[in-house]
Amino acid sequence: MEEFVSLGEWWLPNNPEVVVAGKLSFSPISGAKLELIGSFYDSPFEEYHLVD
């Protein structure tokens with residue numbers, strides 16, 4: 001698979017009305033990385049889970 005960068009809008013499946021802009025990058029060596037401009041949560045203290 002080749003490297004790519006994709007700009008877009010992202011949301012969580014359980015809360016599709018909250019949309020956040022961001023950039024998805026992929027490299028076969030380093031894997032995928034999603035950088036968001038904003039947050040899915042109102043509070044910085046909301047619980048979140050890392051996805052490997």
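Among contacts in the chain between residues at least 6 apart in sequence, what share joins residues at least 24 apart? Here that share is 19%. Keep in mind that you're looking at a predicted model.

**What the chain is built from**

Let's start with the basics. You'll find three strands in this chain and zero helices. Walk along from the N terminus and the pattern simply reads β-β-β.

**How the strands line up**

The three strands come together in an open sheet, with antiparallel pairing and the order S1-S2-S3. At the edges stand S1 (4–12) and S3 (31–37); each has a single partner strand, so one side of each is left without a neighbour in the sheet. The sheet isn't flat-on either: on average, neighbouring strands are turned by 35° against each other, direction ignored.

As a bit of background, strands of a sheet pair through backbone hydrogen bonds, and they can do so in a parallel or an antiparallel way.

Now zoom in on one of the pairings. Strand S2 covers residues 15–27 and runs antiparallel to S3, with seven bridges joining the two. Want a spot to look for on screen? Find Lys-23, whose bridge partner in S3 is Glu-35.

**Inside and outside**

How much of the chain is buried? Of its 52 residues, 12% count as buried. As for the outside, the accessible surface comes to about 4,800 Å², and carbon and sulfur atoms account for 57% of that.

Here are the strands again, with their residue ranges:

| Strand | Residues |
|---|---|
| S1 | residues 4–12 |
| S2 | residues 15–27 |
| S3 | residues 31–37 |

Definitions and conventions. Residues are numbered from 1 along each chain as its sequence is written. This is a predicted model: local features need pLDDT of at least 70, side-chain atom pairs count only at pLDDT 80 or more; totals for chains, interfaces and linings use all residues. Side-chain values use heavy atoms; hydrogens and water are left out. Helices (H or I, at least four residues) and strands (E, at least two) are DSSP runs, numbered from the N terminus. Buried means under 20% relative accessible area, exposed over 50%, partly exposed in between (1.4 Å probe, protein chains only). Contact means heavy atoms within 4.5 Å. Accessible areas come from the Shrake-Rupley method with a 1.4 Å probe; for residues, only the protein chains shown count as cover. Two strands pair if DSSP finds at least two bridges between them. Axes are lines fitted to C-alpha atoms, for helices over the stretch in contact, and angles run from 0 to 180 degrees between N-to-C directions.
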